[in-house]
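This report describes a single protein chain for a reader who has its sequence and coordinates at hand. It turns to overall organisation, nonpolar packing, charged pairs and one surface pocket.

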Amino acid sequence: MPTLDRVKSMARDLRNSLAEQGIHLSHSACLETVARQLGCTDWNMLKASCDAGTGLGVSILVEHGCEEEAAAFYQRAFGAVRGGVYRFEGRPISIDLRIGDVAVQVGGANPRRELEPHRGGPFFPKADGAVSVVFILEVANAAAALQRAVDAGARLRGELASATDGRRGATVFDPFGHIWALRDRTPVRLRRAA
């Protein structure tokens with residue numbers, strides 16, 4: 001569920017787009033429309049969901065010292081938007097990013113933890129796919145997103161193929177060993193019909 005600010009922004013964008021076409025709706029009517037598009041019966045239900053909802057952020061660990069390189073890759077490959085940088089002794093130790101509505105923090109694995117595995121991680125992947133999470137990125141065009149990721153330095157893990165629901169998808173390894181599944185937001189046959 002998008003944030004309340006994002007929902008209000010969507011309603012403003014809808015109102016402005018309709019006004020350009022000579023269709024004038026109130027802001028509250030646009031809020032109601034956005035609520036229905038997001039699966040809620042009305043604005044009040046959507047607002048309650050946004051107010052009560054929790055946000056999820058993701059921390060992606062890379063080898064200590066590779067934080068800047070990783071942030072730059074995610075910006076090039078997946079369109080991440082860069083936020084704040086946290087430094088220790090002048091060097092970045094984590095970088096805030098946003099991919100769509102998801103907060104992502106790229107951080108370097110603590111080298112001391114790596115030397116004391118009995119303390120538990122988190123650790124960075126030591127080999128491609130040596131992870132317990134796959135990042136699923138829904139995009140407008142999986143083929144274009146796949147090409148962009150590969151051009152930025154990702155390595156193909158699984159060829160672009162169509163799933164039973166008509167959405168295309170592929171998986172890649174990012175340069176730091178994490179797996180990203182890129183898939184169409186909408187089935188190809190529905191996009192062609194539109």
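The sections below proceed from the whole chain to individual residues.

**Overall organisation**

The model is a predicted one. The protein chain contains seven helices and eight strands. Its C-alpha trace extends about 60 × 40 × 30 Å along the principal axes. Of the 194 residues in the chain, 34% are buried. When contacts between residues at least 6 apart in sequence are considered, 52% of them join residues at least 24 apart.

**Nonpolar cores**

In soluble globular proteins, nonpolar side chains tend to be buried together. In this model the largest nonpolar core has 29 residues, and F73, Y74, F78, L97 and W180 touch the most other members. Two or more residues of this core come from each of β1 (57–62), α4 (67–78), β3 (91–99), β4 (102–108), β5 (134–139), α6 (142–152), β7 (168–173) and β8 (179–184). The greatest contribution is that of α4, which supplies six residues.

The surroundings of W180 can be listed in detail. Leaving aside residues up to four places away in sequence, W180 touches I60, Y74, F78, I99, F135, L137, A170, T171, V172 and D174. A second core, separate from the largest, comprises 11 residues, among them A11, C40, L46 and C50.

A further residue to consider is A154, found in the loop between α6 and β6. Is A154 buried or exposed? Its relative accessibility is 7%, so A154 counts as buried, the cut-off being under 20%. Beyond residues up to four places away in sequence, A154 touches F73, A149, V172 and F173. M45 lies 109 residues from A154 along the chain, and the C-alpha atoms of the two are separated by 40 Å.

**Salt bridges**

Side chains of opposite charge can pair when their charged atoms come close. The count for this model comes to seven salt bridges. Three of these pairs are set out in the table.

| Pair | Closest N to O distance |
|---|---|
| R155 and D128 | 2.5 Å |
| E138 and R167 | 3.2 Å |
| R167 and D165 | 2.9 Å |

The bridge between R155 and D128 links distant parts of the chain, with the two positions 27 residues apart in numbering: R155 belongs to strand β6 (residues 155–162), and D128 to the loop between α5 (111–115) and β5. R155 has a relative accessibility of 34% and counts as partly exposed. D128 is likewise partly exposed, with a relative accessible area of 38%.

Why does the salt bridge of E138 and R167 tie together separate parts of the sequence? E138 lies in strand β5 whereas R167 lies in the loop between β6 and β7, so the pair joins parts that are 29 residues apart in sequence. E138, at 33% relative accessibility, counts as partly exposed. R167, at 18%, counts as buried; the reason is that buried means under 20% relative accessible area.

R167 also meets the side chain of D165 in a salt bridge. D165 counts as partly exposed, at 31% relative accessibility. Which residues are linked in a network of salt bridges? The network consists of E138, D165, R167 and R183.

**The second largest pocket**

The second largest pocket has a volume of about 210 Å³. Its lining is formed by H64, F88, E89, R91, I93, G108, A109, N110, P111 and R112. Two elements, β3 and α5, give two or more residues to this lining. By residue class, the lining divides into four nonpolar, three polar and three charged residues.

One lining residue, E89, also deserves a remark on its backbone. Most residues other than glycine have a negative phi, and most peptide bonds are trans. In E89, however, phi is near 55°, a positive value in a residue other than glycine. E89 lies in the loop between β2 (81–88) and β3. With a relative accessible area of 71%, E89 is exposed, because the cut-off for that class is over 50%.

How values were computed:
Residues numbered from 1 in each chain as written. Predicted model: local features only at pLDDT ≥ 70, side-chain atom pairs only at ≥ 80, totals over all residues. Heavy atoms only, no water. Core = buried A, V, L, I, M, F, W, Y, C linked by side-chain atoms within 4.5 Å. Buried < 20%, exposed > 50% of the residue type's maximum accessible area, 1.4 Å probe, protein only. Helix = DSSP H or I, 4+ residues; strand = E, 2+ residues; numbered from the N terminus. Contact = heavy atoms within 4.5 Å. Salt bridge = Lys/Arg side-chain N within 4 Å of Asp/Glu carboxyl O. 1 Å grid on protein atoms, 1.4 Å probe; cavity = no way out; pocket = protein on both sides within 12 Å on 5 of 7 lines; lining within 4 Å. Points joined across faces, edges and corners; volume = space filled by probe spheres on them. Nonpolar A, V, L, I, M, F, W, Y, C, P; charged D, E, K, R; others polar.
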